[in-house]
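Open your viewer and get ready to select a few residues and helices, one stop at a time. Each stop says what to pick and what you will find there.

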Amino acid sequence: MQILKNVLAAVGLVCISGLFIFSMQKAPSDETIGKETPIINDYNVYALEMPENLNFAGEAVPIENPDIYERMDRELLVNTYWQSNGLLMFKRAQKYFPIIEPILEKNGVPDDFKYLAVIESGLTNAVSPAGARGFWQIMKATGRENGLEVNDNVDERYNLELATEVACKYLKKAKERLGSWTLAAAAYNAGNAGISRRLKEQKVNDYYDLLLGEETGRYMFRIVALKEILNNPSKYGFNFNQSDLYSFVPTYKVEVDSAVTNFAGFAKRFGINYKILKLHNPWLRERHLNNKSKKSYIIEIPKEGYYKTNP
């Protein structure tokens, strides 16, 4: 019984203390209400003005049509206000566009197709649920049909230069078959046969006149939105210095025409470790190279002074 009395007394003391503290607090006055310091005072969300003369590879986006206007506006808004992703795209573009651009130019493919790689993979060696891989999201069969080696030991879909060459081949064939670069880009997502079938079924000859599924229906608008944003960072609220962007570590090429039993030991011969070797050669999928056919491979080795490694 004494214990119960002690507990009740303690509870009563806490309640009285709470009332006393509450009575000492000042209620907000009319003068202070609405003048509190906001948690965030430099962030605002704005509607975006639709840019004029939007185009892909010189082919106009018909924003005078209300449905096209809304779909374009959606992608501009989504990609402008997905700030973390947008900033990463600026950073990675600085690193990888200089590799992609000259290959597109050499193959006669418009420069705008580098933005297709941005939306396909975010400029990373992504893997899709369907098994597409690399910056250009190339399927295994497509890679092999276009001369890439694809197996457990070597997967050249992860070789950015070789994969860009394959993407160029595909896009040029699609342009020849479908008649426009816009349709060729859409075919990169839905396939040549798929786009051709939809054009025939719907009796139209332009991407922007097609009724398509969600992914392919957004595809070109996403590409054009990323092109617009990446070319106008300050207009869309992205602030950075050149030093904030990523840069590619310069490399030199080493030719290998035999098997390599252990890439960790191979890397040490060039003053780097296995991790750094794989960063620059992600197409090497295992810790060794079989090379039973005595094929000649080019391995990229970073120049001295860019990495610090422990012996």
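Start by selecting F56, F113 and W181, which form one aromatic cluster. Keep in mind that this is a predicted model. Across the structure there are 15 aromatic pairs, and two of them get a closer look later on.

**Stop 1: helix α7**

From the cluster, keep W181 on screen and extend the selection to the whole of α7, residues 181-190. Is α7 enclosed or open? It is largely enclosed by the rest of the structure, because 8 of its 10 residues are buried. Colour W181, T182, L183, A184, A185, A186, A187 and Y188 to see the buried ones.

Now show what surrounds them. The buried residues of α7 pack against two strands, β1 (55-56) and β2 (59-60), and against the helices α4, α6, α8 (192-202) and α9 (214-231). Before leaving, click on G191, just after α7: this glycine takes a positive phi of about 90°.

**Stop 2: α6 against α7**

Add helix α6, residues 160-178, to the view. The axes of α6 and α7 are 8 Å apart, and the two helices pack at an angle of about 125°. An angle like that makes α6 and α7 oblique to each other, and their crossing is right-handed.

Which residues make this contact? On the α6 side, select A167, Y170, L171, K172, A174, K175 and L178; on the α7 side, select W181, L183, A184, A185, A187 and Y188. Sorted by class, this contact has 11 nonpolar residues, 2 charged ones and no polar ones.

**Stop 3: α6 against α8**

Keep α6 displayed and bring in α8. Here the packing angle is about 20° and the axes are 11 Å apart, so α6 is roughly parallel to α8. This crossing is right-handed too.

To display the contact, pick Y170, A174, R177 and L178 from α6, then N192, A193, I195, S196 and L199 from α8. These residues divide into 6 nonpolar, 2 polar and 1 charged. Notice that Y170, A174 and L178 of α6 also appear in the contact with α7.

**Stop 4: two aromatic pairs**

A pair of aromatic rings is described by the distance of the centres and the angle of the planes. Return to Y188 and show W136 beside it. How are the rings of W136 and Y188 arranged? They are edge-to-face, 6.3 Å centre to centre, with 70° between the planes. W136 sits in the loop between α4 (114-121) and α5 (140-145), while Y188 belongs to helix α7, so the pair ties together parts that are 52 residues apart in sequence. Both partners are buried: W136 has a relative accessible area of 0%, and Y188 has one of 14%.

For the other pair, select F263 and F266. They are also edge-to-face, with 5.6 Å from centre to centre and 90° between the planes. F263 and F266 lie 3 residues apart in helix α10 (residues 263-268), so about one helical turn separates them. F263 is buried, with a relative accessible area of 1%, and F266, at 6%, counts as buried as well.

**Stop 5: α3 against α4**

Next, show helix α3 (residues 83-106) together with α4. Their axes come within 9 Å and cross at roughly 130°, so α3 and α4 are oblique to each other. α3 passes α4 in a right-handed crossing.

At this contact, M89, F97, I100, E101 and L104 in α3 meet K114, Y115, A117 and V118 in α4. Its residues divide into 7 nonpolar and 2 charged, with no polar ones.

**Stop 6: F240**

Finish with F240, in the loop between α9 and β3 (251-256). Is F240 buried, partly exposed or exposed? At 27% relative accessibility, F240 counts as partly exposed. Leaving aside its neighbours within four places in sequence, F240 is in contact with L87, F90, P233 and L245. Pick F90 for a last look: F90 and F240 are 150 residues apart along the chain, and their C-alpha atoms are separated by 9.2 Å.

Terms used. Residues numbered from 1 in each chain as written. Predicted model: local features only at pLDDT ≥ 70, side-chain atom pairs only at ≥ 80, totals over all residues. Heavy atoms only, no water. Axes fitted to C-alpha atoms, helices over the stretch in contact; angles between N-to-C directions. Helix = DSSP H or I, 4+ residues; strand = E, 2+ residues; numbered from the N terminus. Parallel < 35°, antiparallel > 145°, perpendicular 65-115°, else oblique. Left-handed = near helix turned anticlockwise from the far one by under 90°. Contact = heavy atoms within 4.5 Å. Nonpolar A, V, L, I, M, F, W, Y, C, P; charged D, E, K, R; others polar. Phe/Tyr/Trp six-rings, centres within 6.5 Å; stacked < 30°, edge-to-face > 60°. Buried < 20%, exposed > 50% of the residue type's maximum accessible area, 1.4 Å probe, protein only.
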